[in-house]
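This briefing covers a structure with its sequence, shown below. Please read the notes alongside it.

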There are 2 protein chains.
Amino acid sequence: MTPQPLPMRVPAAGLPARVRIHEVGPRDGLQNEKATVPTDVKAAFVHRLAAAGLTTVEATSFVHPKWVPQLADAEDLYPRLADLTAEGAVDLPVLVPNIRGLERATALGARRVAVFASATETFARRNLNRTVDESLAMFAPVVAQAKNDGLHVRGYLSMCFGDPWEGRVPLPQVVRTARALADMGCDELSLGDTIGVATPGHVAALLDALAQDGIPVDRLGVHFHDTYGQALANTLAALQHGVTTVDASAGGLGGCPFARSATGNLATEDLVWMLQGLGVETGVDLDALVATSVWMADRLGRPSPSRTVTALSHKE
Amino acid sequence: MTPQPLPMRVPAAGLPARVRIHEVGPRDGLQNEKATVPTDVKAAFVHRLAAAGLTTVEATSFVHPKWVPQLADAEDLYPRLADLTAEGAVDLPVLVPNIRGLERATALGARRVAVFASATETFARRNLNRTVDESLAMFAPVVAQAKNDGLHVRGYLSMCFGDPWEGRVPLPQVVRTARALADMGCDELSLGDTIGVATPGHVAALLDALAQDGIPVDRLGVHFHDTYGQALANTLAALQHGVTTVDASAGGLGGCPFARSATGNLATEDLVWMLQGLGVETGVDLDALVATSVWMADRLGRPSPSRTVTALSHKE
């Protein structure tokens, strides 16, 4: 007997019809892996992700190679992906820390960029060597120039739900920083639970607070880490509050180097399983995506932490 | 700087004030572990779980030792837990497959028992060597005698959301079997997603269907497996639908031997993290529980698959 395919498709009330998955594996994932992956493998990875139906794949980061040696090949990698953007079906945003990074990215034809801010002083100091306000002042001209060049700009906001040094992060502090990023022209904000401590009520409360501040939910994405196993429950809470952009990393690649845990980003496969069951369209072919993550895990020499990848790749 | 404790407590609308965790680690967890754990270790495990604040701990199973050799020591183990039930603060239900098992359990003073039924024909055949109706006929006199003896009876219903051989499981089929268990006198039903395929809309639909059939939600518990990473999101959906009894396994012990995956039951720690953040009372001391799961993982010789155990036990 051939079993009928699972999960059963049973929509739930109050959820969006479609979710845009912002795939961060090639950038946020590989940036936090110990091994440096060859450029050829990275290019094949992005192509495979696009072939699996992901339409937004954050490809790399134009930071100084000294800070993120894993992505030092951005200049070599990006041109190898030109066929994907030429067809227009796939967006390949890149991270840019400053004007120099923005200029390097636009010189190669990037049409979407992202900046990376922090909601907490300690992480701003450790990650950017600046106060929160100083880092916002650093990003303002980057965003202004990007908008002037007609680019789409995403603003990452990290440590929205907790900080490893400060502990709790007050909601008004997050709203204030989000407001600053929105006001400087970011088209989209990605709310990061960098250390994975959020729970669903906290997610709902932050989304409510941002809505009250006048930041519409269609400008918001969520970026959850699975450090405490909460990422998918938090995603469900976000979807119930109208969010339609969800960050995830194929195979659960990457993580936060400060969390000292085996788990990092929400695995794209675990997300797609849930959305398939809920009848929420993503355009992703789950089998092709799992095959891609298994292939990448082989190259990294360690198994994927994704539950769905583990289960589907061990099927009889 | 000492960070303030996380997760932040941010209640969400529409959730219960308190959840009763039905801890299944010593029975469902150890039953599905390869290693057979010494009786001394099992007794210490149950005592540690109770000391961590768990008030319902399924202790063992009075099945024939031939079928579940891991729990063949039920007669030796149960009397060693008498101090816990004597104080009245902890319930120690046990699984009983038939009248003989029930008599063995009650002879040792058990006040709560459980029977284990299947929503699908194939699993009933494989697990119980009977059709669904034949297995219900087998359980009816067990439940009747238990109720006559004044015991509390739980009815497990497995494969509620999918079956490895049949694939999809129609809701009416689940409702029919649940109704039969309720009608024969089960005080509580535990809805099992034995292979971990459920998604939140499916959970909501089954709870709605059972409510429509007149089975009140306060007689229902949910039993999710994390095979595809969905267990906690499904739990959130169940809580939003009024469920207040949630099964979980300390450290994520156990699993389904047929799923061929590394992951099994929802880890109690991942559940407690979410409920703490949501401000839902459980009475559980998370640090004591994590220490217990780390201790048990050492005895089993493999790390806990729980994300929360992994993260908290690797803290600096």
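The points below go from the chain as a whole to the contact between copies, then to selected helices and residues.

This is a predicted model, in which local features need pLDDT of at least 70 and side-chain atom pairs count only at pLDDT 80 or more, while totals for chains, interfaces and linings use all residues. Residues are numbered from 1 along each chain as its sequence is written, and chains are lettered from A and ligands numbered from 1 in the order in which they are written.

**Chain A overall**

- Chain A holds 13 helices and 9 strands; helices (H or I, at least four residues) and strands (E, at least two) are DSSP runs numbered from the N terminus.
- The radius of gyration of chain A is 18 Å, which agrees with the value near 20 Å for a compact globule of 316 residues; this radius is taken over C-alpha atoms, and the globule rule is 2.2 Å times the number of residues to the power 0.38.
- The C-alpha trace of chain A spans about 65 × 45 × 35 Å along its principal axes.
- Of the 316 residues in chain A, 57% are buried. A residue is buried if 20 or more other C-beta atoms lie within 10 Å of its own, exposed if 12 or fewer, and partly exposed in between, with C-beta atoms placed from the backbone.
- Among contacts in chain A with a separation of 6 or more, 73% join residues 24 or more positions apart. Two residues are in contact if their C-beta atoms, placed from the backbone, lie within 7 Å.

**Two copies and their interface**

- A turn of 180° and a shift of 0.0 Å along the axis lay chain A on chain B with an RMSD of 0.0 Å. The two copies are thus related as by a two-fold rotation axis.
- A:Ala233 has the C-alpha nearest the axis in chain A, 2.0 Å from it.
- Copies are superposed by least squares on the C-alpha atoms of residues with pLDDT of at least 70 in both.
- Chain A and chain B each give 50 residues to the contact. On the side of chain A that touches chain B, the elements giving two or more residues are α9 (200-212), α10 (231-240), α11 (268-278) and α13 (307-313).
- That side of chain A has 27 nonpolar, 16 polar and 7 charged residues. Here Ala, Val, Leu, Ile, Met, Phe, Trp, Tyr, Cys and Pro count as nonpolar, Asp, Glu, Lys and Arg as charged, and the others, Gly among them, as polar.
- The copies meet through the same surface, because 100% of the interface residues of chain A are also interface residues in chain B.

**Nonpolar core**

- The largest nonpolar core has 206 residues, of which A:Val94, A:Val113, A:Leu271, B:Val113 and B:Leu271 touch the most other members. Such a core is a set of buried Ala, Val, Leu, Ile, Met, Phe, Trp, Tyr and Cys residues joined through C-beta atoms within 7 Å.
- Leaving aside neighbours within four places in sequence, the contacts of A:Val113 include A:Pro93, A:Val94, A:Leu102 and A:Val153.

**Helices α8 and α9 of chain A**

- Helix α8 (residues 171-183) has 13 residues and reaches 18 Å from its first C-alpha to its last, close to the 18 Å expected at 1.5 Å a residue. The expected span is 1.5 Å times one less than the number of residues.
- The buried residues of α8(A) are A:Val174, A:Thr177, A:Ala178, A:Ala180, A:Leu181 and A:Ala182. Their cover includes β5 (112-118), α7 (132-148), β6 (152-158), β7 (188-193) and α9 of chain A.
- A:Gly185, with a positive phi near 120°, follows α8(A).
- In α9(A), buried residues include A:His202, A:Leu206 and A:Leu210. The cover of its buried residues includes α8 and β7 of chain A, together with α10 (231-240) and α11 (268-278) of chain B.
- A:Gly214, with a positive phi near 90°, follows α9(A).

**Single residues**

- A:Asp28 lies in helix α1 (residues 25-31) of chain A, and A:Asp28 is buried, with 27 other C-beta atoms within 10 Å.
- Not counting residues up to four places away in sequence, A:Asp28 touches A:Glu58, A:Ser249, A:Gly254 and A:Asn265. The C-alpha atoms of A:Asp28 and A:Ser249 are separated by 7.8 Å, although the two are 221 residues apart along the chain.
- A:Asn129 is a residue other than glycine with a positive phi, near 60°; A:Asn129 is exposed, with 9 other C-beta atoms within 10 Å.
- B:Met159 also has a positive phi near 60°, but B:Met159 is buried, with 28 other C-beta atoms within 10 Å.
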